[in-house]
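Here is a short report on one protein chain. Keep the structure in view and find each residue as its name comes up.

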Amino acid sequence: MTKILYRYILKEITATFILALFVTTFVLMMGKILQLMELVINKGVGLWDISKLILFMLPTLLLFTIPLALLIAILMGMGRLSRDNELTVMKSAGLSLYQLCMPVFSLGAAAFVLSTVTSLFLLPEGTQATRNLILEIARQKASAGIKEKVFNDDFNGIVLYADHIPIDGAFMEGVLLFDDRIRSEPSTIISRKGYLVAAPDSPAVTLRLENGSIHTVNPNLKNYKKIDFSTYDVSLELQTGVEDAKKFTTKKLQEMTFLEMARLIRDPARSIPALKIREMKIELNKRLAIPVSCLIFALVGMPLGITPSRSARLRGFTTALAVVVSYYLLTLSGTALGETGRLPPAVGAWVPNAVFAAAGVILFIRKAGEKSLDLDLWGRAKAFFQSRRAS
């Protein structure tokens with residue numbers, strides 16, 4: 001009998017969890033999709049590459065949406081059971097809240113495992129794959145996007161024109177290039193031949209020009225300068241339209257695995273600034289703290305979900321948003337204090353979990369004892385200060 005009820009509760013909240021995970025992830029992904037559509041419309045990037053970019057970006061969103069979907073599922077699922085008096089019947093059959101919480105914590109444990117895999121493995125792999133794909137798109141667009149007898153302005157601060165390009169695209173002849181990146185001294189470059197050379201770990205390619213000249217005129221048109229060259233390299237940075245592709249010079253923390261960061265922190269011969277070390281420690285602890293929040297949200301969501309409200313679905317969704325927003329605001333505050341050195345990095349990353357775990361234990365014990373969750377903190381504080389004044 002007990003196992004049947006456990007499976008019934010688990011089925012109720014699991015179906016809601018899957019639906020909530022899909023909806024919340026899709027809503028957050030819409031902002032990225034609109035940004036990526038610029039690559040399709042304006043840059044000619046294929047839909048297959050866009051699909052891979054969306055797939056690689058998913059782990060970053062799942063770290064946020066898995067705990068949120070879990071909390072929504074528990075609040076809405078338990079709220080529905082409470083509203084239809086099904087939980088009352090279960091309690092009448094002799095089941096306590098400590099027994100009814102088993103399927104809830106089973107789903108919380110599954111969400112914890114999924115979030116841990118995402119945080120420790122999928123996040124660095126996805127971020128690295130996104131970076132590499134954007135680089136590849138930039139290089140392909142640089143070579144395929146240049147057409148002969150067409151002025152190309154897909155590069156930052158540069159307009160490129162080629163008089164002739166062979167079918168294999170191996171080189172360009174009759175190259176004219178206007179470089180406006182230095183506004184105080186724009187230059188025009190004329191060259192007989194040019195080659196595109198890929199720059200490793202950079203969203204830029206190098207245009208190697210041969211047998212040409214650089215013509216520069218200052219803004220007031222008083223001075224003219226000409227420089228002849230046999231070989232000259234120009235860096236062409238493609239306008240990718242993707243915000244995450246702006247900085248490629250160093251490996252980001254999100255691209256580093258857990259073990260890579262741990263080795264750098266423990267390396268006694270490291271030559272890394274103290275601020276960077278603190279950021280690594282915070283990132284390291286957040287990779288562990290965020291999955292643990294799934295277990296804490298299961299603890300918090302169980303008592304909050306058992307309410308007699310008739311608007312359980314809407315109330316569950318708004319309560320979940322309020323709890324998750326409060327959690328992440330506390331996380332941002334702890335991260336900021338940890339980065340500035342006002343708190344140890346581990347404390348700054350784990351404070352939100354400690355606060356919500358304490359709140360969850362209090363709420364769960366009170367609900368298990370059939371007590372009201374309205375702690376009336378304001379009334380108690382007011383009575384305390386009044387008693388202090390009277391004494």
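## A kink in helix H8

Start at valine 351. Helix H8 has a kink of about 40° there, shortly before proline 352. This is a predicted model, so treat each feature as part of a prediction.

H8 covers residues 345-368, which makes 24 residues. Its first and last C-alpha atoms are 35 Å apart, close to the expected 34 Å. Several of its residues are buried, including Pro345, Pro352, Phe356, Phe364 and Arg366. Just after H8 comes glutamate 370, with a positive phi of about 60°.

## A bend in helix H2

Helix H2 bends too. The bend is about 45°, and it sits at leucine 61. How far apart are the end C-alpha atoms of H2? They are only 46 Å apart, although the helix has 37 residues. A straight helix would reach 54 Å at 1.5 Å a residue.

H2 is also mostly covered. Of its 37 residues, 26 are buried.

## The whole chain

Now step back. The chain has 391 residues, and 42% of them count as buried. It contains nine helices and six strands. About 21300 Å² is exposed, with 63% of that area supplied by carbon and sulfur atoms.

Look next at contacts between residues with a separation of 6 or more. Residues 24 or more positions apart account for 66% of these contacts.

## Two nonpolar cores

The largest nonpolar core has 48 residues. Which of them touch the most other members? They are Phe17, Met78 and Met302. Helices H1, H2, H3, H4, H6, H7 and H8 each supply at least two residues of this core. H2 gives the largest share, with 14 residues.

Methionine 78 shows how such contacts spread along the sequence. Leaving aside neighbours within four places, methionine 78 is in contact with Ile9, Ile13, Ala73, Leu87, Val104, Met302, Gly305 and Ile306. There is also a second, separate core of 17 residues. Among its members are Phe155, Val175, Leu177 and Phe229.

## Salt bridges

Side chains of opposite charge can pair when their charged atoms come close. A search of the whole structure finds 13 salt bridges. One of them joins lysine 52 to aspartate 49, with the closest N and O atoms 3.8 Å apart. These two are three residues apart in helix H2, so about one helical turn separates them. Is lysine 52 buried or partly exposed? Lysine 52 counts as partly exposed because its relative accessibility is 26%, above the 20% cut-off for buried residues. Aspartate 49 has a relative accessible area of 16%, so it is buried.

Arginine 287 and glutamate 283 form another salt bridge, with the closest N and O atoms 3.0 Å apart. Both lie in helix H6, four residues apart, or about one turn of the helix. Both are buried. An α-helix has 3.6 residues a turn, so residues three or four places apart point the same way.

## A long link and a network

Glutamate 255 and arginine 131 also meet in a salt bridge, at 3.7 Å from N to O. This pair links distant parts of the chain, 124 residues apart. Glutamate 255 is in the loop between strand E6 and helix H5, while arginine 131 is in helix H4. Both residues are buried.

Salt bridges can also join into a network. Here one links Glu12, Arg80, Arg83, Asp84 and Glu86.

## Positive phi angles

Most residues other than glycine have a negative phi, and most peptide bonds are trans. Two asparagines deserve a look. Asparagine 85 is not a glycine, yet its phi is positive, at about 65°. Where is asparagine 85 placed? It is in the loop between H2 and H3. Its relative accessibility is 47%, so it counts as partly exposed.

Asparagine 211 also has a positive phi, near 55°. Asparagine 211 is found in strand E5, residues 204-217. It counts as partly exposed because its relative accessibility is 44%.

How values were computed:
Residues numbered from 1 in each chain as written. Predicted model: local features only at pLDDT ≥ 70, side-chain atom pairs only at ≥ 80, totals over all residues. Heavy atoms only, no water. Expected span 1.5 Å × (residues − 1). Bend = angle between axes of the 7 residues up to and from the residue. Buried < 20%, exposed > 50% of the residue type's maximum accessible area, 1.4 Å probe, protein only. Core = buried A, V, L, I, M, F, W, Y, C linked by side-chain atoms within 4.5 Å. Contact = heavy atoms within 4.5 Å. Areas by Shrake-Rupley, 256 points an atom, 1.4 Å probe, with all protein chains shown as cover. Salt bridge = Lys/Arg side-chain N within 4 Å of Asp/Glu carboxyl O.
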